[in-house]
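Here are a few notes to read alongside the model. Keep the viewer open and look for each item as it comes up.

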Amino acid sequence: MKPLEPVIEVSHLSKTFRVAQRDKSSLLSSLSSLIHRQYVQIEALRDINLHIRKGEVRALIGPNGAGKSSTIKALTGILYPTAGSVRVLGVDPWTNRSRLASELGVLFGQKTQLWWDLPALDTFYLHKQMYSIPNRTYQANLDYFIDVLSLHQVVKKPVRQLSLGERMKCEFICALLHEPQLVFLDEPTIGLDIFSKEAIRAFVKKVNREKGTTFIITTHDLSDIEDLCNNVTIINHGGIVFNDSIESLGTYFSSRKIVDIKFQKPIDEHELRGYNVMSFSGMAASIEVDVERSPLQIELQKLLGIGLIQDININNPSIESVIKDIYSKPREQSLGTF
Amino acid sequence: MRTVARLLRLFYYQSKLKISRAMMYRFDFLIGMTVALCFSSIGPVLQYLIFTQTKGFPGWNLKQIILFQGVLLFVLGIRRILFGDLHYFVTELIQKGDLDRLLIKPSPAIGIILASGFNLNGIGTLLAGSVIMGYSIHALDLTITAGAIGLFALSILFGIVLFLALEIMFTCAVIVLVNIGRLDDIVQSITGFGEYPLSIFTAALKIALVTFIPFAVWVNYPAEALLNRWDNGQAAVSFLVCMLLLGISLSFWKLCLRRYTSAGG
């Protein structure tokens with residue numbers, strides 16, 4: 001089978017910022033910065049290597065300040081890199097920014113590109129002009145998105161009268177109206193209720209499936225990642241610390257298992273000493289077992305001896321705990337992991 | 001050329017949206033128009049007072065000065081309609097890190113910025129200027145030929161080119177310095193030199209206003225065109241410098257973009 005063509009190829013990408021810094025928060029310090037200002041070099045990105053194939057839905061995650069936004073800005077040609085090379089849809093994004101822009105869609109969950117006082121339809125029409133979308137394509141796409149997102153009446157109301165969920169759906173139309181090959185979604189479900197989140201996720205899956213659009217999603221909502229993404233790239237301290245499939249993330253701690261156990265009668269927490277107890281509520285406990293240190297069979301036998309058991313489940317550690325563990329690693333350790 | 005056509009189209013559609021928005025807040029629009037008309041009438045009255053209380057302006061009689069004021073208001077009106085919202089838009093854009101949004105559009109970001117300056121309130125000033133110009137032409141009994149109209153339009157066009165150059169420089173300064181309130185005030189004061197007849201300035205300043213900083217194209221040249229006092233050589237030099245300044249400002253823009261660091265994500 002022919003491998004899918006790469007959409008993004010990044011190698012050894014680094015970006016350093018020169019940032020003014022003031023040690024003290026005093027008036028004197030502010031005044032002295034007028035004459036002499038201290039600068040520090042911030043290594044926002046270091047040695048990023050990334051390959052994303054056509055049709056992927058890739059999560060790009062990391063704690064605040066990890067370098068996600070800088071990576072996206074470098075991929076879209078907004079920031080010039082200090083070192084390294086980037087090819088997006090076969091071109092260098094800095095020298096071909098305007099040309100590449102026609103193939104890119106971007107949605108910022110915390111910023112709007114809709115005209116606040118006017119119906120969303122007006123902004124869509126402005127987009128049509130900006131992207132020179134042919135009439136027939138524009139109308140077909142608009143009808144398709146309005147149908148899929150059930151926005152028939154919504155797009156006719158002034159944007160300021162829309163709910164956050166409705167507004168976000170309109171933002172999606174703006175990002176996709178010109179049929180981009182590659183779409184960046186920055187916190188697409190932030191602040192949305194569960195129904196709106198589901199609608200947005202179903203929409204992304206449908207567009208990905210039917211139009212083959214590649215999506216890169218940055219989010220702090222792990223359910224977005226679990227529901228939508230094939231692959232996950234975790235960035236921390238400016239570098240990639242995990243870059244694999246969502247399944248691999250689930251089995252990241254292959255030696256650790258979580259045993260959820262429910263007893264028929266309450267037990268004393270003291271009886272679970274020696275175990276890594278994640279949670280305990282008298283009749284139920286969640287215990288982490290390191291199967292490299294002691295086989296799971298032996299650990300289960302020991303647990304069965306504590307009391308009569310009503311139910312028992314053995315799971316891999318949750319993706320949330322895996323990500324938390326990866327995020328909490330200090331700089332040198334975390335970059336050395338990958 | 002296709003890019004310019006696309007940007008002009010974008011300006012047209014953005015302006016249409018701004019008009020739609022202005023119509024949603026009719027009261028604010030009407031107040032804005034009224035205020036613009038009132039303030040516009042202050043200029044000619046002030047000029048009249050200065051002219052009658054002093055020795056006047058060398059080479060200009062009262063009726064010609066009123067024509068000059070009409071041209072000034074006409075030009076200010078055009079400038080406000082085309083670029084009135086620009087400074088606020090650019091400052092907001094850079095300070096909030098929203099320039100990123102424009103950098104990923106298929107047209108050049110500076111073009112989109114310049115196409116976003118439409119302000120409907122300039123219409124009041126433009127109307128006032130047109131009325132005063134019409135009145136003065138009639139009062140002076142001027143014969144306006146097609147050639148004069150052509151030169152008038154050409155001067156207005158190059159005035160816009162010069163203003164584009166200044167706006168691009170302004171945008172560059174905001175990218176580099178982020179907050180430039182006072183610097184902007186200084187620039188506004190200097191551009192004010194273009195709002196008076198060249199004849200009132202010293203020889204050195206006169207040369208500067210025709211060559212290095214050709215602010216004479218804004219009001220002096222269109223007024224001279226209507227008064228049939230056009231100087232080909234002088235205008236050619238100024239027009240050339242306007243184009244040169246536009247080129248320089250665009251080079252600055254490219255440099256600034258390389259320095260752009262965006263805001264935190």
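1. Which unit do S6(A), helix H7 of chain A and S7(A) make? They form a right-handed β-α-β unit, with H7 of chain A covering residues 194–211. One thing to keep in mind as you look around: this is a predicted model.

2. Let's stay with those two strands for a moment. S6 of chain A (residues 182–186) pairs with S7(A) in the parallel sense, over five bridges. You can pick out individual partners here: A:Leu182 sits opposite A:Thr214 of S7(A), and A:Val183 has A:Phe215 as its bridge partner.

3. S7(A) also has a second pairing to look at. Strand S3 of chain A (residues 57–61) runs parallel to S7(A), and three bridges link the two. To find the spot on screen, look for A:Ala59, which stands opposite A:Ile217 in S7(A). If the word "parallel" is new to you, strands of a sheet pair through backbone hydrogen bonds, in either a parallel or an antiparallel way.

4. Now zoom out to the sheet. Six strands of chain A make an open sheet with mixed pairing, in the order S5-S6-S7-S3-S8-S9. At the edges are S5 (104–108) and S9 (239–245) of chain A, each pairing on one side only. From one strand to the next, the twist averages 15°.

5. How covered is S7(A)? Strand S7 of chain A spans residues 214–218, and five of its five residues are buried. In a regular strand, side chains alternate between the two faces of the sheet. Here both faces are covered: A:Thr214, A:Ile216 and A:Thr218 are buried on one side, and A:Phe215 and A:Ile217 are buried on the other.

6. Something also lies across this part of the sheet. Helix H2 of chain A (residues 68–75) crosses S3, S6, S7 and strand S8 (231–236) of chain A, and runs at about 130° to S3(A).

7. Next, the place where the two chains meet. Chain A gives 27 residues to the contact and chain B gives 22 residues. On the chain A side, the elements giving two or more residues are H2, helix H3 (97–101), S5 and helix H4 (120–130). So H2 and S5 of chain A, which you have already met, turn up here again. Sorted by class, that side of chain A has twelve nonpolar, nine polar and six charged residues.

8. Two loop residues deserve a look for their backbone angles. A:Leu89 has a positive phi, near 50°, although it is a residue other than glycine. You will find A:Leu89 in the loop between strand S4 (83–88) and H3 of chain A. Is A:Leu89 buried or exposed? A:Leu89 counts as buried because 21 other C-beta atoms lie within 10 Å, and the cut-off for buried is 20 or more.

9. The other one is in chain B. Phi of B:Asp141 is near 55°, again a positive value in a residue other than glycine. B:Asp141 is in the loop between helix H7 (122–140) and helix H8 (146–177) of chain B. B:Asp141 counts as exposed because it has 7 C-beta neighbours inside 10 Å, where the cut-off for exposed is 12 or fewer.

10. Last, the overall layout of chain A. Chain A is divided into domain 1 (6–250) and domain 2 (256–315). Taken over C-alpha atoms, the centres of these two domains are 43 Å apart.

Conventions: Residues are numbered from 1 along each chain as its sequence is written. Chains are lettered from A and ligands numbered from 1 in the order in which they are written. This is a predicted model: local features need pLDDT of at least 70, side-chain atom pairs count only at pLDDT 80 or more; totals for chains, interfaces and linings use all residues. Helices (H or I, at least four residues) and strands (E, at least two) are DSSP runs, numbered from the N terminus. Two strands pair if DSSP finds at least two bridges between them. A crossover is right-handed if, with the strands pointing away from the viewer, the path from the first strand over the helix to the second runs clockwise. Axes are lines fitted to C-alpha atoms, for helices over the stretch in contact, and angles run from 0 to 180 degrees between N-to-C directions. Two residues are in contact if their C-beta atoms, placed from the backbone, lie within 7 Å. Ala, Val, Leu, Ile, Met, Phe, Trp, Tyr, Cys and Pro count as nonpolar, Asp, Glu, Lys and Arg as charged, and the others, Gly among them, as polar. Domain bounds come from an automatic or database domain assignment.
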